[in-house]
Every structure is written in structure tokens, then in C-alpha cells.
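Biologist: Hello! Could you walk me through this one, and tell me how each label is earned?

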Amino acid sequence: MHVVKISLRQVSILTALYTIGSAILIVPSGMASIAKQDAWIACLAGSGLGFIILAVQLQLFRKHPEANLMQWTEKLFGKWIGKTVNLLLLLTLFLGGPATVLHEIGIFMTIQMLPETPIQAIIFLFGALAVLGVRLGLEVLARAAEMLFPWFLLLFLSMSILLLSEIHWEHATPILESGISPIFPAALSFVSIAFLPHIVLMVIFPGAVNRSAEAYKAVYIGSLVGAAALFLIIGLSILVLGPDITARNMYPSYMLAKKINIGNFLQRIEAVMAVMWFITLFFRISLYFYAIAIGISQVFHIKNYQPLVMPLGWILAAVSVFIYPNVPFKLQWDATIWVPYTITVGFLFPLVLLILHGLRKMLPKKSKKQSDSA
Amino acid sequence: MKRILALILLHIVVTLLLSGCWNRRELNELAIAVAAGVDWVDDRYRLTVQVAIPGQVTSKKSGGPQAPATLYTAEGDTIFEASRRMTQVSPRKIYFSHLRMFLMDEAMAREGIAKVLDLLSRDHEFRPDFYLVITRGATAEETLKIMTQMETIPANKLYESLQTSEKAWSASMTVTLDELINDLTSSGKHPVLTGLIITGDRDIGRTRKNVENIDTPGQLKYSGLAVFKLDKLIGWLNEKDSRNYRLISGDVKSSVSFIPCKNEGKIIIETLRTDSKLKGRIVESRPEMDIRINMEGNIGAVECSGLDLSEPATVRELEAEMEENLKRSLESVVDKVQSKFKVDIFGFGEAFRRSHPREWKEMEKTWNERYFPNLKTNIHVDYKIRRTGTTNDTFLNDIKE
């Protein structure tokens, strides 16, 4: 396998697109249903929390940027336990990550645009695209991200600007109507979608960045851009639609795009705006998928991950068709199971690794001392 | 060789998959609904849909044999069912994305509109940009049959006319689906929708004869505002009250009003800008409402002599009189709603919720019964007359005997 190197700029852009990912579609509704008009405060609190989590995730790789998460686990847990943990992580991530996001794009399309189209058709087409991207490798994905990111920004900013005339500031008042208590669960749901899954990036980026010592900075910048975009979309949903309709809608951001109307002339452009979430969702799926593919190849010492992509892709497409039996199940899953799962994987797991690493560093000294005294 | 085979296979797969969506519906397979109406007839829904006929709208040559739109009606136990039953009459499936107007008749409104609205917010074809109105004295079906001038498609006439009258006269108002649902779900504001009536001769209104002469016998006209308690209609505001209601709710763009002269005649003032602020206060543990309205206007016409408009003092007098007049009529509409309807359509409760969230939690449950009917309101009107039009003193002053 040839050595993959991407630039810091590409790391930032990939991180930003990954952060925005499916969150741009589902986060406003989920947060508004918990925190009502204070969802934007929850988003700020969540971002703060998110950066703490990110710091924990990145801690190991700041000092040793050459080994990725898989290698660290094996190193710290020992070969067999490490491999078991890695496999478990990859399996659950596979089911919870790309499969659900792929399903998400499927239901989004079938709910909003093509209600009578079988979801399989959409999932297979989009899945094929992800397989293609992952097979071509990280460098290609990164360059594609560089090319598509300006388009995303253009659509996103034009949507925000076109909606300025629809803003009703009173939708955001009263601030903190039901106190501070709903902010934390809402922030948690934000973090669980936008920040905790960043653990996946720790499989991809270490060892794959040309200036690896500064890679962590690029991840921070990308996350900041992503969080800012999410903050904007949450704020706009609340201010334009009101907290109630935001919470009630499956996809408030799509509803926002429907609201655009400049002088009865520039209107009904939601289908164009939908391109925006195709871009972010594509990178979300591809990065998940890429991380899992290279993770498996590392666990089994397969030199080249590429032969794994096609079979994984087939499994992915098949699984994501029936991963959720219906929409209420998905909503409940996101609210009750996804949050604790991501906390375990995205926060506790790197924390345990950090602690083990700390102990390892201390132990040899102690044992040395002990042997000295003995 | 293998590579070429693989490429060919890929192309076949991609063309098969990308060739189109299952729901592909070309323009000539769509019946584009521009207006829809729901009537409540014998405990069943009657759905009426006005569909634009594309050929008749674009062609410049007028007086073709066909009407610019056609009407389909179907009854059903649910609206969705009725809309699908419509395909028995309509050659094409009705496409709702370009809907401009949604009408409900009074019987439907008295029965409750919430159950109608859920379909509109759930179905993916509806955009949230059409206006909802209540037909008065006629069913939605009858209303949608009237032919119109200028805008040949009646739905467009209704849409434009509602927008224009909201801006220039202020007795009617546009309400979109999301605004209506926001009002319904908020505990501190009850919804209000504009009423729509047919004036003149209904029977001629239905025929082409209606648009053949300069004088149109049957017309569609907006009239009054329907007052809702939750989702049920309980009464109507007349034109004057409607205008005052809209002043308080604070989105009037422009309007016209007058004050009487000292001798005979009137001074007409054109309002150009208004801005109203509702602010809740708690005085001795009882809620009070401050309504502060800032308005700006010009002198539109003067009907009496003896008015010295070069004098700033005159303008100040006029302003004071205007403020006094407005204050009285605003108080009367608040009084009327408080005593007659006993529902908070002004959004006073909503204003309380925003300014006093904690106290509102206690008042919320009994707001309409206990607090709103006796709510003390302090109305302050600040009227500024800026310009006097293209002339200053009226020539009426110099008419010689």
C-alpha cells in the first residue's frame, strides 16, 4: 500500500464536512424538541463540550501522530484484547455509522422528494458512489472535498442570506423559558451527532497527514467551521420557522429552503439546496466507510484495504435498507441509544486509552525503582 | 478486454439506475392545483380543487372556448381519500406543489380546522407558502367557481388581491400554514383568518358572461376577519375592527383614515408606517398590557377650508386628534373581543410569555377564562404627520363667493 498523505487544508475541509454531515438535516429538529427556542444556546454549550471531548480524543495523537487509534488500542491493551476491542468498535461503528447515514439519505429522499421510489434504489446509487470514493482512497476523497466545499459554502451562505428577510426575532424569546435544565440534554444530543463520532477521524488522519505534528490544529479548525455552520442552521430554523414547527418537522433545514421567496421570483429552489446535504452526507458516509475499511485491514494485517471495499459496500447497502424498520424507531434510537453509545466510543474509550497510556509511562519507572530497591 | 467489459457493464447499470425516478411525472401528466377548498357537508369532507389549464393561461388570444381553469370535486370521509377519489373525474393526478390558496367554508371552520391542517403539513407536495382563508356565506366550492377579470385564474386573483389589500388597506391579512400552526399550538394567541365572500350575482359569476362586460356582476371580495377559539370559528370582526385588530397585532404597512374638521368635512390621512409593541407588566400581582403604537403618515386630502397647513401647530393638533381617535377605536376593539369572544387573538398572552415566562406558567391554564377578559390595557398611540402631499395649503381656503 503506498503511503497516503493529505495536506492540513484538506484535513480541515474533510473534518468540517464530516461534522456537518447528517447533522445539518437532523440536528435542528432533535434539539428544538428538547430545548425549544433555546436550541441555539444548547448548540453553543454543545460546541464547548465538543471541543473538550475533541481534546481528549486528540490527546494521544498530538504527541504520537504516527500511530492511529487501531494501533494504539493494540499497543495498550495487548495484541488479542486489542484486536477484539478494535473489531467490536469497527462492527458497531459500521452498523451505527455509515449504515444509518445511508438510510438517512434514503428516507430523506423518500419522504421529501420521491415518495413512491423504493428506498433501495436511492441507497444503492448513493452507496455505489461511496464505494467508488472509498476505493479510490483518502487522497481522492480529500481532493473531491476541496472541490465540493466551495459549492457547499455557496449554497449554504446563499440560503442563509436569502432567508434574512423571513427572520422573526421574537421566535427566540423568552430566552431560557424553562430554565437551564433542558440545555444539557439538548447539548448532549448535539455532541452525540456532531462531535463524539470524530473518533472515526482518529483512525483516518494519524499517519496520513503531511505535516502530522500540526494535524490536530487542522481538526480543530474544521470542527469549528462545522460547528459554526450547524449553529447557523439551528439559529435560522428557530428564527424563521419557530421552535414548534422546527421540532415538529422531520427535516427543518429542507423546510427552510422551501421558505425562500424573494419577491415571488426567486422561490421554490429547495431541490437545488438539497445538493448541499448530498455533499455533506456523502463525505460523512465515505469517511466512516473508509475508516472501517482501513481499520479492518489493520486488524487482519491485510496490506491493501481496497479489496475489502466492494464486499463491505454490498453489506452496507443491504444492511442500511433494513437498519431501521420505521421512522419512529429511528427517532427513538437516535434519542436513547445513539447518545450513550457515542459517549462510550467517542469519549470513554479514548479516555481509557489515555489513562492506560499514562500508567504505562509511569509503570516502567516504578518497576525500575522496585527492581532498584530490591 | 476485461476492462472494456467492465466498463460496458458499468454503463448499462448506471443508465438503468439513473434513467429516472419511479415518480417521474412530466408536466403534461400533471394537473396543477392552484386553489383548493374544503367544505363540511353532512359530516363529510367535500374537497374542491381548482386546476389551471396551461394552454388557456399562456395564449394571448383571449376568448377561447375554454375557461382558464377547471374544477374537480369529490367527497370523502377523509380529505386524502377525497383527493384520490378525484382521479375518477380528473384525467390527471392532482399536483399540489403550486397551490396558492386554501379555502375552508364556515361550517368546516366551526367544526374545527386542525384535522384539515395536519394533512397539509404532513404531505410532501404542499409547500408552506399558500394562504388560508375562510369563505363566508358560500361554500368553498361555490366560491371557486366564480370567474375573474385581470387575473384569469381565480386563484391568482385571490392570492394577489389578498397580498395587495393586506398592504394597502389593512382590513385583511395573509396567513400561511406555518403561521397558523404556530398560533394554534401557542397557548397565548388564538388564530385569525381572513374571510372571503361573493358579492353580486353568483349565477352569472359562474359563467363566462361574468368577464365579458366591463361591469363584472359577480365578484370575490375579502371581508372581515374570522375569530377562532383554538381551531374552531366563533365569530367575525367587521371591517373597522379588523383594521384596528391588525394595528394592534402590528403588521400594518399602509392604510387610510380620517379625522373630522372643525366645521364640515374631513381630513384624510394616509398611514405609511406602523410599528406596534406589546409589553406585559405585572401590577399588584395582576397582569396589565402596554400597547405602544408608533405611526407615521401624510396628509392625503383636505375637505374643509380654514385649515392652515403652513403652521406647525396645526399639524400638532391634527396629530393629537388622530392619536385620540385611534386610541378610542383600538380600545373599542379590545373591549369587544374581551367581552364578546373572550379569546386572546391579539397575542397578549404570547407577549406575556416572552416577557414574564415564570408568571406565565401560572396564568397559562386559565388565561382565556380568568385573565384575558378583565385584562387592563394601556394604549399609547404616537402619530407623526410628516408631509402634506404635493401641495401645502388647500385651495379650498381661497374659493371666493
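Biologist: How many residue pairs are in polar contact across the interface of chain B and chain A?

Modeller: The rule finds eight such pairs, with both residues at pLDDT 80 or more. A polar contact is a pair of N or O atoms within 3.5 Å; within protein, one must be able to donate a hydrogen and the other to accept it, and residues adjacent in sequence count only if both atoms are side-chain atoms. Please keep in mind that this is a predicted model, where local features need pLDDT of at least 70, side-chain atom pairs count only at pLDDT 80 or more, and totals for chains, interfaces and linings use all residues. Residues are numbered from 1 along each chain as its sequence is written, chains are lettered from A in the order in which they are written, and side-chain values use heavy atoms, leaving out hydrogens and water.

Biologist: Which element gives the most to the side of chain B that touches chain A?

Modeller: That is helix 8 of chain B, with four residues; helices here are DSSP runs of H or I with at least four residues, and strands are runs of E with at least two, numbered from the N terminus.

Biologist: What makes a residue part of the contact?

Modeller: Contact means heavy atoms within 4.5 Å. The contact takes 25 residues from chain B and 29 residues from chain A.

Biologist: Why is the pair B:Arg127 and A:Glu270 called a salt bridge?

Modeller: The term asks for a side-chain nitrogen of Lys or Arg within 4 Å of a carboxyl oxygen of Asp or Glu. The side chains of B:Arg127 and A:Glu270 meet at 2.9 Å, N to O, so the pair qualifies. The count between chain B and chain A is three salt bridges, and over all chains it comes to 33.

Biologist: What separates A:Lys330 and A:Asp334 in helix 16 of chain A?

Modeller: About one helical turn, because they are four residues apart in that helix (residues 327–336). Their closest N and O atoms are 3.4 Å apart, and they form a salt bridge too.

Biologist: How do you know that the span of helix 3 of chain A agrees with its number of residues?

Modeller: The expected span is 1.5 Å times one less than the number of residues. For the 25 residues of helix 3 (residues 39–63) that gives 36 Å, and the end C-alpha atoms are 36 Å apart, so the two agree.
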